[in-house]
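Hi,

Here is the structure I promised to hand over. Have a look at it first, and my notes on what turned up follow below.

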2 protein chains.
Amino acid sequence: MTIRQAVASFLVAIVVCVAVRAQTADPLPSWNNGTVKQSIVSFVTAVTSADNPRFVQPAERIAVFANDGTLWVEQPMYTQLQFALARVRALAPSHPEWKTQMPFSAVIKGDDKAFEESGEDGLAQVVFATHTGMTPDVFAKEVDDWIASARHPRFDRRYTELAYQPMLELLAYVRANGFKTYIITGGTVEFVRAWSERVYGIPPEQVVGTSFVTKYSMANGQPTLTREPDVDVVDDGPGKPVAIQQYIGRRPIFAFGNSDGDQQMLEWTAGRTGAKFVALVHHTDGEREYAYDRTSHVGRLDKALDEATRGKWTVVDMKRDWARIFTFEPTN
Amino acid sequence: MTIRQAVASFLVAIVVCVAVRAQTADPLPSWNNGTVKQSIVSFVTAVTSADNPRFVQPAERIAVFANDGTLWVEQPMYTQLQFALARVRALAPSHPEWKTQMPFSAVIKGDDKAFEESGEDGLAQVVFATHTGMTPDVFAKEVDDWIASARHPRFDRRYTELAYQPMLELLAYVRANGFKTYIITGGTVEFVRAWSERVYGIPPEQVVGTSFVTKYSMANGQPTLTREPDVDVVDDGPGKPVAIQQYIGRRPIFAFGNSDGDQQMLEWTAGRTGAKFVALVHHTDGEREYAYDRTSHVGRLDKALDEATRGKWTVVDMKRDWARIFTFEPTN
């Protein structure tokens, strides 16, 4: 062998190695090896293999994800509610009447118990006061500003850093396999749209959520949309499959949720003829994140967990299945 | 020059010719050369040229189109209404009570005048009886079956052949330039979704329209969506910009309509900061298609035409600007 031939062989060997490595590189490095990870990879491989009986055309590869508790942390309180409370406190100086007016007075004083006792009606008042009355653009800016600086009480990180790394990998993995990824959130749609593209790679038009009645008018010669203090779409529970039909018009083949509010979306996906993958994130890791299910006020997972057993849905055991939860954790 | 060199030169010349031809091939051959065609091409060129001050990022290139009268024929009656009337006649044998019950009796007898006199209420009864009570899948199948065989009374062609060839070219042209094309229709969304991908290349999730209240239930252990006889979203007039915000969450940069029901969608696009293109199709060709505007019951174009003058929107004069309207016309 001449030196030239030897170099050539060496280069070929490198190319082969790189190619093999590219083929075998793990697309889900933050998922522990086990039946759950294997079932995800098997499903994606099957529906993308043209010669597989479970093959699904790219256009039909609709993947839907709940947001709170599925893609990012929802404890100890939904992030959107943290935002609403922060906005009440920020707006308080221009609302002196709030000092003596429930539920605002409780929020301003930080009296969580009194605020909780104000119930659904108190919550609605806080949400309407902080989420409506402005244009969608102004609201998006308020969310942007808040989320750029607000910090989670336990992790002392920005909320967008509390997206689950295994789910970010999963989103990228299914997209790389021709899936179109959607968020189907019980939260309000424009709260999530403000940062979903940057954090999840999901553009605004693929975020479906609860929404407010919106009015069109001409204000000083400018066409204007105004968010009204009245709920339009309730994208939770049975509202999720309904919204999927109204907004997407296709039945998903891949669905991920984490709470009872996702049950009907998962059932709807599970009932599809042909290939489908249906999964729940089960919060089992009190050390690295939170452990909660049947009795939690936030993200309760009770009936949907029974349904998962009955329907043989995949249940992700966070403690067992996720090697790493956040990007800021030390890697092992 | 050797023969070999001559052949090589000849081949290079061919390659150059093909390349030049590919660059200069007209993407809008059914549009007559003139200011309208020029303004479309100038706009698309500007917003896709990175060094142009009017450049728009691909993700923001949202293009919205009305359907009836903008993308296909709407005279002498909206196609969806033709479908509804045909369905009444098809269902009549299983509804003997309709024989004596207005407005159904008028439709069955073909008494257009009596049906018209039944007004909005009569129309609603016919639409609910033919568009609701079933699942979205069953409805889509009914539309599919009908549209595969029904023929337009004047042109004796299938309705899907009555898509305007210049607009099909325009849809393809803007998509080839990174635009995402949406239909924003006053018609009901699932009627259009049944064939929009095949005819326009627009997938179901990019069709926004009027919709019915839809209910989720478990029927014999199967998750089921049922279309209810009640309107949910009214995607017409001011409802169009509202629906654009709710469904897409981005402000369009390119909007095409043809009637007063599109005025607010066009205003909303025209009011955008930065580059935008706003246009109306004006039906001026009674010979090749139909001529109608300010006094038409179908697709009335009156206030929006005034607004087009005031706002300097582009007005497509069908007779002047379209060299060819349908694919089945003889080419010149």
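Let me start with a single residue: A:Asn220 is exposed, because its relative accessibility is 83%, and exposed here means over 50%. Before I go further, please keep in mind that this is a predicted model. A:Asn220 sits in the loop between β4 and β5 of chain A. Its backbone is worth a look too, since A:Asn220 is not a glycine and yet has a positive phi of about 55°. As background, most residues other than glycine have a negative phi, and most peptide bonds are trans.

Chain B offers a similar note on backbone angles. B:Lys312 is a residue other than glycine with a positive phi, near 55°. B:Lys312 is found in the loop between α12 (303-311) and β9 (314-317) of chain B. With a relative accessible area of 76%, B:Lys312 is exposed.

Then there are the cis peptide bonds. In chain A, one joins A:Gln75 and A:Pro76, with omega at about 0°. A:Pro76 belongs to the loop between β1 (62-65) and α3 (79-91) of chain A. In chain B, the peptide bond from B:Met102 to B:Pro103 is cis, and omega is near 0°. Here the proline, B:Pro103, lies in the loop between α3 (79-91) and α4 (104-109) of chain B.

Now to how the two chains sit together. Chain A can be superposed on chain B by a rotation of 180° with 0.0 Å of shift along its axis, and the RMSD is 0.1 Å. That is the relation of a two-fold axis. Which C-alpha of chain A is nearest the axis? That of A:Tyr247, at 3.3 Å from it. Both copies use the same surface, as 100% of the contact residues of chain A recur in chain B.

On the numbers for the interface, 35 residues of chain A are in contact with 35 residues of chain B. The size of an interface is often given as the accessible area lost when the parts come together. For chain A and chain B the buried area is about 3,000 Å², and carbon and sulfur atoms give 50% of that. Within chain A, the residues that lose the most area to chain B are A:Glu205, A:Tyr216 and A:Gln246, which together make up 24% of what that side buries.

As for specific interactions, there are six salt bridges between chain A and chain B. One of them pairs A:Glu197 with B:Arg250, where the closest N and O atoms are 3.4 Å apart. There are also 20 residue pairs in polar contact across the interface, both residues being at pLDDT 80 or more. On the side of chain A that touches chain B, the elements giving two or more residues are β2 (180-188), α9 (189-193), β4 (212-219), β5 (222-231), α11 (239-247) and α12 (263-270). The residues of that side divide into 15 nonpolar, ten polar and ten charged.

Helix α11 of chain A deserves its own paragraph. Nine of its nine residues are buried, so α11(A) is largely enclosed by the rest of the structure. Among these buried residues are A:Lys240, A:Gln245, A:Gln246 and A:Tyr247. Just after α11(A), A:Gly249 has a positive phi of about 75°.

Two more buried spots, one in each chain. In chain A, A:Ser105 is part of helix α4 (residues 104-109). Is A:Ser105 buried or exposed? It counts as buried, at 8% relative accessibility. Leaving out residues up to four places away in sequence, A:Ser105 touches A:Trp98, A:Lys99 and A:Thr100.

In chain B, B:Tyr164 lies in the loop between α7 (136-149) and α8 (165-176). B:Tyr164 is buried, with a relative accessible area of 0%. Not counting residues up to four places away in sequence, its contacts include B:Trp72, B:Val73, B:His283, B:Glu289, B:Met318 and B:Phe326. The side chains of B:Tyr164 and B:Glu289 are joined by a polar contact of 2.5 Å. A polar atom of the B:Tyr164 side chain also lies 3.5 Å from the backbone nitrogen of B:Val73. For orientation, the C-alpha atoms of B:Tyr164 and B:Tyr247 are separated by 26 Å, and these residues are 83 residues apart along the chain.

Happy to talk any of this through whenever it suits you.

Best wishes

Definitions and conventions:
Residues are numbered from 1 along each chain as its sequence is written. Chains are lettered from A and ligands numbered from 1 in the order in which they are written. This is a predicted model: local features need pLDDT of at least 70, side-chain atom pairs count only at pLDDT 80 or more; totals for chains, interfaces and linings use all residues. Side-chain values use heavy atoms; hydrogens and water are left out. Copies are superposed by least squares on the C-alpha atoms of residues with pLDDT of at least 70 in both. Contact means heavy atoms within 4.5 Å. Buried area is the accessible area (1.4 Å probe) that two parts lose on being put together, summed over both. A salt bridge is a side-chain nitrogen of Lys or Arg within 4 Å of a carboxyl oxygen of Asp or Glu. A polar contact is a pair of N or O atoms within 3.5 Å; within protein, one must be able to donate a hydrogen and the other to accept it, and residues adjacent in sequence count only if both atoms are side-chain atoms. Helices (H or I, at least four residues) and strands (E, at least two) are DSSP runs, numbered from the N terminus. Ala, Val, Leu, Ile, Met, Phe, Trp, Tyr, Cys and Pro count as nonpolar, Asp, Glu, Lys and Arg as charged, and the others, Gly among them, as polar. Buried means under 20% relative accessible area, exposed over 50%, partly exposed in between (1.4 Å probe, protein chains only).
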